[in-house]
Amino acid sequence: MTAPQSGDALTDDWAAALAEAEASQPAPVASEAADLFPRLGAGAPGAPREDIDLVLDIPVQLTVELGRTRIPIKHILQLAQGSVIELDALAGEPMDVLVNGFLIAQGEVVVVNDRFGIRLTDIVTPSERMRRLSR
């Protein structure tokens, strides 16, 4: 295990990992972002910059879900250190990224200096989010 790092050194390590990941992927096309967030596109009529500024500092809960399972309480009471709980997700499957309980993306786990992170591999489209909400 490595010694704890200062906040700046850790930030630099994550920035380097992010730069490496971005260098290995093609740059996103500006029109893709406009398709995902049409009201937020630059110069979009009726969407002044002040509208988005109102929500930028609102905290949300970001969760990365490895998998789920249902087990009876009697099995939970039998859990001890070293117990293994089988999840419904398969090894190598993308992890779900949820914001306030709603799926917004999927990604893969990355490790930088003994810290876990997630590299987003797929963003859920607005139409897909709406379809999932209507279930």
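A salt bridge, as I use the term in these entries, is a side-chain nitrogen of Lys or Arg within 4 Å of a carboxyl oxygen of Asp or Glu. I keep in mind throughout that the model I am reading is a predicted one.

**Entry 1: salt bridges**

I began with Arg68 and found that it forms a salt bridge with Glu65, where the closest N and O atoms are 2.9 Å apart. I then looked up how open Arg68 is, and with a relative accessibility of 51% it counts as exposed, because the cut-off for that word is over 50%.

How many salt bridges does the rule give? The count comes to 3, so I went on to the other pairs.

The side chains of Glu108 and Arg119 also meet in a salt bridge, with 2.9 Å from N to O. Since Glu108 lies in strand E3 and Arg119 in strand E4, which covers residues 115-123, this pair ties together parts that are 11 residues apart in sequence. I noted that Glu108 is partly exposed, at a relative accessible area of 37%, and that Arg119 counts as partly exposed as well, at 30%.

Another pair is Arg131 with Glu128, whose closest N and O atoms are 2.6 Å apart. Both of these residues lie in helix H5, residues 126-133, where they are 3 residues apart, or about one turn of the helix. Arg131 has a relative accessibility of 41% and counts as partly exposed.

**Entry 2: the sheet**

Next I followed the strands, which form an open sheet of 4 strands in the order E1-E2-E3-E4, with antiparallel pairing. Which strands stand at the edges? I found E1 and E4 there, each with a single partner strand, so that one side of each has no neighbour in the sheet. On average, neighbouring strands of this sheet are turned by 40 degrees against each other when direction is ignored.

I looked more carefully at E2, residues 95-99, which pairs with E3 in the antiparallel sense over 5 bridges. Within this part of the structure, the bridge partner of Val99 in E3 is Phe102.

**Entry 3: the nonpolar patch**

I then turned to the surface, where a nonpolar patch of about 1,100 Å² is made by residues including Leu66, Ile71, Ile73, Ile76, Leu77, Val109, Val111 and Phe116. The elements that give two or more residues to this patch are helix H4 (73-77) and strand E3 (102-112). Which element gives the largest share? I found that H4 does, with 3 residues.

I picked two members of the patch, Leu66 and Val109, for a further look. Leu66 lies in the loop between strand E1 (62-65) and H4, and at 53% relative accessibility it counts as exposed. Val109 is found in strand E3, and its relative accessibility of 42% makes it partly exposed, because that class runs between the 20% and 50% cut-offs.

How far apart are Val109 and Leu66, in sequence and in space? They are 43 residues apart in sequence, while their C-alpha atoms are 9.6 Å apart in space. I also listed what Val109 touches, leaving out residues up to four places away in sequence, and the list is Met95, Phe116 and Gly117. One of these, Phe116, is itself among the residues that make the nonpolar patch.

Note on methods:
Residues are numbered from 1 along each chain as its sequence is written. This is a predicted model: local features need pLDDT of at least 70, side-chain atom pairs count only at pLDDT 80 or more; totals for chains, interfaces and linings use all residues. Side-chain values use heavy atoms; hydrogens and water are left out. Patches are made of residues with over 30% relative accessible area and no salt bridge: like charges are joined within 9 Å, nonpolar side chains (Val, Leu, Ile, Met, Phe, Trp, Tyr) within 5 Å. Accessible areas come from the Shrake-Rupley method with a 1.4 Å probe; for residues, only the protein chains shown count as cover. Buried means under 20% relative accessible area, exposed over 50%, partly exposed in between (1.4 Å probe, protein chains only). Two strands pair if DSSP finds at least two bridges between them. Axes are lines fitted to C-alpha atoms, for helices over the stretch in contact, and angles run from 0 to 180 degrees between N-to-C directions. Contact means heavy atoms within 4.5 Å.
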